[in-house]
Structures are given as C-alpha cells and as structure tokens.
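Here are some remarks for a colleague who is about to look through this model. They are set out as numbered points, moving from an annotated site to helix packing and then to backbone details.

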Amino acid sequence: MTKNKAVYRCSECAHEVAKWVGKCPGCGSWGTVDEAMPVAAATVGPGRKAMLPSTAAAPISRIDSQTTTARPTGVSELDRVLGGGIVAGSVVLLSGEPGVGKSTLLLEVAHRWARQRDERALYVTAEESAGQVRLRADRTGAVHDRVYLAAESDLSVVLGHVDQVKPTLLVVDSVQTMLAADTDGVIGGVTQVRAVTAALTSLAKASGIAVLLVGHVTKDGAVAGPRTLEHLVDVVLQFEGDKNTALRMVRGIKNRFGSADEVGCFELHDDGIACVTDPSGLFLHHRADSVPGTAVTVAMDGKRPLVGEVQGLTVETQAPAPRRAVSGLDYNRVAMVLAVLQSRCGLYVGKQDIYAATVGGMRLTEPAADLAVALAIASAARDTALPPGWVILGEVGLAGEVRRITSVTRRLAEAERLGFTTAVVPPGTDGKATPMTLHEASSLRGALRLAGLTKK
C-alpha cells in the first residue's frame, strides 16, 4: 500500500510545497502555508491520482450572483455594449485601427469612473509619454485627481504601481507594447503578449480590479497576437470608424456578462468623444421631397435598428465595360441585384455606369437591404422618385422573389418613430404591431409595380 505524503498548501494562492515554510514562495505571504489533508492514492487512469480540491464544489443555487454585477462607466453607449457596465475582476479587450480613438475613449472612461465614485483609476500608457496623455486630457476635459497616470512598459513595474495606487479600474494602452521580463520573446510577439495578458487576467481575478486592455489589429482588422488572447479575456470589443467621418462604432465580439451583438455609436471631435444615442438621423439626407435614385431602409446592427438611405445613379456610357462603383454596400450583392433587375424585371442596365452608395458613412451588408438597393437603382434608371414617407425592407433572391427578413417588428417601429408612414415588406409580415401602411411584395417585379417604377 502506498503511503500518502503530506502536502502543504498556501491559503492565499494555493501554491503547494513539499515541506512547511513560513513564507509562501508563490505569493510571498507569511504564515499562510498549512498542511493539507492527504488524499488516498486512488488511481483514475494511467499515472493519474485524485487530489483534494482547494475549494469544495457547491450547488449553483448557493453561488452569489451579486459578485458579477455590472458597474456603469458613465459612458452610456459603451455600457450598452458591455451589458450595463464593467464587472469587477473582468478583463475587457478593445481593439481598433490606429487613430480611431481608442485612447481617447478609455481616457474618458477613466475620468468618468473616478468622477462618479470615490475610487481611483490607473491609466498605464506604454506607447506615449505622460505629457502627451496629459495634453489629450486637457483637450478633452478628462483631468481628475483620482485618475493616476503612469508611462511604463515593464509589467513588473506596472504591478508595483497597482500595489501603490490601489485602483479599482486599470487601463493598459496597449497590451502589445508591454514587456514581461521573465518571459522570452520580443515585445509584441506571441509569447510576450500571451504572458502579459495572462498576468493581467490573474491580477484582475485575484484582486477584483477591472482591467481595460487596448489591442492592436492586423491589416485584415483582426486582433493582433495569438488567438488565445481573445480566449483569456472576458470581453472583446472592436472599435470601428472611417477616418473621413466623425462616426465611430464599438461592436461586441465576445461578452461573458451579456449579449455579444450590441453596438455603440460615438462621434469623435477635437474636444473628445461623445455618445450618439439616436444615430439613425446621421444616415438620412433630410430633404422635403423624394428625389429619383433614393430609397430608405432599416438595417439591424446587432440588436439596434438603424434607418439608412441608399442612393443609386445610372449614366449612359459608350465604354465597352461599364463602371460599377459601390460605397458602403456589399459589391457582390449589388452585382446580384443588378442581374436580377435585368433578367427578371426587364430593366436593362448593361450599357450604363452604375453608382450605388449609402449616406453618412453607413455600411449595409445584410441581405435585408437588397430590395432598397434594387428600387433605388430602378428609380434612378426610370428617373422617377419613390413616394415620400416610404421605407423598403426585403431580401431579393435570384429567382426575383422577395424573401422574409428578421426583426421586422423592430425595424418598422424605428421607421414609424422617425415619421415614415408606408413600408414595402416581404409577404407574410405581421402588420398588427404598427400603424404604418404595409404593402406586401412577393417579387421584385411586384415591388417595382407598387412603387410605380414599371416600364410605361
């Protein structure tokens, strides 16, 4: 019979040693090492033995759910994406293109975090100097006595700052520029990024500090570094925006504390970043009357309905290969819609330059915008405007049929809120929940007929 050996375990970090010591070699605490109850050597597999767990399993009904309560950051659109706010001990990764406004947003979060509660926030910058961050804080009005700033790239020194400041919110800008001195590899390499993220995650879980990490992206827009980086953190957010416009979007990619398909809207200005609670107005060209070549649709960006305008233009050309220019739309879907218009509806556009775009920098990539794109191009080709107050919803198939789409009720409610009175919708749409007038179109040819765009 094999004799069970005594095991000594630290009550703070669960580090195990073969004999008793006064100071734990794992966490450095004094007087926390005690003898653990030995477990019988019950073999559960080749070379495997059962071990006594440090924490006993408990019924899920007895687990306190209040420990994962979200705390608002004060930035309403960010709280919307996070699911109400930041959870204590969670790790949030915010990625985005250079210059999109990541540092400006997180500096505003740190400022509001310290301003709305008597707690400290520590902002660690490894890419800029402390003077550069202070200049941005002066410009955006994010200066507060409880916001602490450290320009440091060594992980060990950052942990020392955390011990001194004792913040409840830690911002690290960025994780790819931090250095773990006890780990091999260059700064920004796979090994270094994994080690830094794992250390900061352990810090968050052990101390309850909420950690916000800034992450770089690759040329394809994905988070730079190892794929395990996204698995280590609790929340992954993507910050998007066109440098030619002030509109910025924060999208949820992963969220362990809420929905992962929310989107937050912001406007980036010289004096900081501001939340946009009603972004639909940004994507509409406000005019008194309808003009040829325009159609309005409602897109679902996550769970948020956004009303947007699609514009089309057709121009006669003598070039052997007519031009197709698309902005804000999926080029392949626009090409498919043009083929359906010509093959199923008799609208010959093969010898015309065609331009299709959205208004305000909006991106429409979902199939629900197909019918609006088709009617906008047909309206431009016929030089006939759609009736005022119309909104167009529906996916177009290769056979020319109009297919059902998701979240029709929410789309119609948003359109009705903005004053639209009539909607062209797929067949089978329930119109009891909206006071709008609904015209069901089973085919693209029928939708053109409803809009008065058939050939005279």
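1. The coordinates discussed here come from a predicted model, and the points below should be read with that in mind. An unreviewed UniProt entry lists Gly96, Glu97, Pro98, Gly99, Val100, Gly101, Lys102 and Ser103 under "binding site", and this annotation may be inferred rather than shown by experiment.

2. Within that annotated stretch, Gly96 belongs to strand β8, which covers residues 91–96, while Lys102 belongs to helix α2, which covers residues 102–116. Are Gly96 and Lys102 buried or exposed? Gly96 has a relative accessible area of 3% and is therefore classed as buried; Lys102, with a relative accessible area of 9%, is buried as well, since the cut-off for that class is under 20%.

3. The surroundings of these two residues can be described through their contacts, leaving out residues up to four places away in sequence. On that basis Gly96 touches Lys102, Gly215, Val217 and Phe239. Lys102, for its part, is in contact with Leu94, Ser95, Gly96, Glu97, Val214, Gly215 and Phe239, so that Gly215 and Phe239 appear in the contact lists of both Gly96 and Lys102.

4. Helix α2 also packs against helix α3 (residues 130–140), and the axes of the two come within 11 Å and cross at roughly 70°, so α2 and α3 are roughly perpendicular to each other. The contact is formed by Ser103, Thr104, Leu107 and Glu108 from α2, together with Val133, Arg136, Ala137 and Thr140 from α3. Sorted by class, the residues in this contact are 3 nonpolar, 3 polar and 2 charged; Ser103 of α2, which takes part here, is also one of the residues in the UniProt "binding site" listing.

5. A second helix pair is formed by α7 (residues 331–345) and α8 (residues 370–382), whose axes come within 10 Å and cross at roughly 60°; the two helices are therefore oblique to each other, and α7 passes α8 in a right-handed crossing. On the α7 side the contact involves Arg333, Val334, Met336, Val337, Leu338 and Leu341, and on the α8 side Asp370, Val373, Ala374 and Ile377. By class, this contact has 8 nonpolar and 2 charged residues, with no polar ones.

6. Tyr148 is located in strand β10, residues 147–151, and counts as partly exposed at 30% relative accessibility. Its contacts, leaving aside neighbours within four places in sequence, are Arg120, Ala121, Leu122, Tyr123 and Val165. The C-alpha atoms of Tyr148 and Val165 are separated by 7.7 Å, with their positions 17 residues apart along the chain.

7. Which peptide bond is cis, with omega near 5°? The bond from Asp173 to Ser174 has this geometry, and Ser174 is placed in the loop between β11 (169–173) and α5 (190–207).

8. Two further backbone details deserve a check by eye. Lys166, although not a glycine, has a positive phi of about 55°; this residue lies in the loop between α4 (155–165) and β11 and is exposed, with a relative accessible area of 61%. Ser407 likewise has a positive phi of about 55° without being a glycine; Ser407 sits in the loop between β23 (402–403) and α9 (408–417) and is partly exposed, with a relative accessible area of 34%.

Methods. Residues numbered from 1 in each chain as written. Predicted model: local features only at pLDDT ≥ 70, side-chain atom pairs only at ≥ 80, totals over all residues. Heavy atoms only, no water. Helix = DSSP H or I, 4+ residues; strand = E, 2+ residues; numbered from the N terminus. Buried < 20%, exposed > 50% of the residue type's maximum accessible area, 1.4 Å probe, protein only. Contact = heavy atoms within 4.5 Å. Axes fitted to C-alpha atoms, helices over the stretch in contact; angles between N-to-C directions. Parallel < 35°, antiparallel > 145°, perpendicular 65-115°, else oblique. Left-handed = near helix turned anticlockwise from the far one by under 90°. Nonpolar A, V, L, I, M, F, W, Y, C, P; charged D, E, K, R; others polar.
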